[in-house]
Amino acid sequence: MKYWSLLLFLLVAIHTSAQVQNTTVDSKKPSKIIVYGSDTCHFCIDTKAYLKAHNVAFVYYDVDVNLPKQNEMILKLTKAKIDVSQLSLPVIDKDGEVFTNSIDFEKFLEKIIQ
């Protein structure tokens, strides 16, 4: 009886796996957005409020108090060849694309949700 249960489980698993592999996704995958900022930065506060108002899911890290995330942010900026000597917050990581508020703030916000 144990073998039949195991065989049934494997058949269901194989069938489910085949269905998932044959399914094409027409909808756009939701973006993974990370906001690195500071609770004392008005641009960071405004960015979080904008994302919440537009029902955009994001993860926020306060880099003033979370030093490991501050180091992570600096590493991502360095890899993206963004100068950290004149760093402006917030820093956005959207699906691996890292950018800062170096343009008009409204355009910056729009870029996050595009």
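Visitor: How many disulfides does the structure hold?
Guide: Zero, going by this predicted model. A disulfide here needs two cysteine sulfur atoms within 2.5 Å, and the structure holds no such pair.

Visitor: Is cysteine 44 buried or exposed, then?
Guide: Buried, because its relative accessible area is 0% and the cut-off is under 20%. Cysteine 41 gets the label as well, since 15% also falls under 20%.

Visitor: Which residues is leucine 89 in contact with?
Guide: Setting aside neighbours within four places in sequence, the partners include Cys41 and Cys44, along with Tyr36, Phe43, Val63 and Met73. For each one, that takes heavy atoms within 4.5 Å. Leucine 89 itself sits in the loop between α3 and β3. Its C-alpha is 9.3 Å from that of serine 102, 13 residues away along the chain.

Visitor: What makes the pair of phenylalanine 43 and phenylalanine 105 tilted?
Guide: Two numbers settle that. There are four aromatic pairs in the structure, and in this one the centres are 4.8 Å apart with 50° between the planes. The distance is within 6.5 Å, so the rings pair; the angle is neither under 30 degrees nor over 60, so tilted is what remains.

Visitor: Which parts of the chain does that pair link?
Guide: Distant ones: phenylalanine 43 belongs to helix α2 (residues 42-53) and phenylalanine 105 to helix α4 (residues 105-113), 62 residues apart. Besides Phe43, phenylalanine 105 is in contact with Asp46 and Thr47, not counting neighbours within four places in sequence. The C-alpha atoms of phenylalanine 105 and aspartate 46 are 9.8 Å apart.

Visitor: Why does phenylalanine 105 count as buried?
Guide: Its relative accessibility is 15%, and buried means under 20%, so the label fits. Phenylalanine 43 is at 29%, between that cut-off and the 50% one, so partly exposed is the right call.

Visitor: Why is the pair of phenylalanine 99 and phenylalanine 108 called edge-to-face?
Guide: The planes stand at 75°, which is over 60, and the centres are 5.9 Å apart, which is within 6.5 Å, so both tests are passed. Phenylalanine 99 and phenylalanine 108 are both buried. Ring pairs also join Phe43, Phe99, Phe105 and Phe108 into a cluster.

Visitor: What lies over the face of tyrosine 60?
Guide: Lysine 48, at 3.9 Å from the ring centre; the distance limit is within 6 Å, so that part of the test is met. Lysine 69 lies over the face of tyrosine 61 in turn, at 4.5 Å from the ring centre.

Visitor: How does the span of helix α3 fit what is expected at 1.5 Å a residue?
Guide: Pretty well. Helix α3 (residues 67-79) has 13 residues, and its first and last C-alpha atoms are 18 Å apart, close to the 18 Å expected. Lys69, Met73 and Leu77 are buried in α3. They span an arc of only 80° around the axis, so they sit on the same side of the helix.

Visitor: What do the buried residues of α3 pack against?
Guide: Four strands: β1 (33-37), β2 (59-62), β3 (91-94) and β4 (97-100). On the other side of α3, Pro68 and Lys79 are exposed. Just after the helix, lysine 81 takes a positive phi of about 60°.

Key: Residues are numbered from 1 along each chain as its sequence is written. This is a predicted model: local features need pLDDT of at least 70, side-chain atom pairs count only at pLDDT 80 or more; totals for chains, interfaces and linings use all residues. Side-chain values use heavy atoms; hydrogens and water are left out. Helices (H or I, at least four residues) and strands (E, at least two) are DSSP runs, numbered from the N terminus. The expected span of a helix is 1.5 Å times one less than its number of residues. Buried means under 20% relative accessible area, exposed over 50%, partly exposed in between (1.4 Å probe, protein chains only). The arc is that of the directions from the helix axis to the C-beta atoms. Rings of Phe, Tyr and Trp (its six-membered ring) pair if their centres lie within 6.5 Å; planes under 30 degrees apart count as stacked, over 60 as edge-to-face and the rest as tilted. A charge sits over a ring if NZ of Lys or CZ of Arg is within 6 Å of the ring centre and within 35 degrees of the ring normal.
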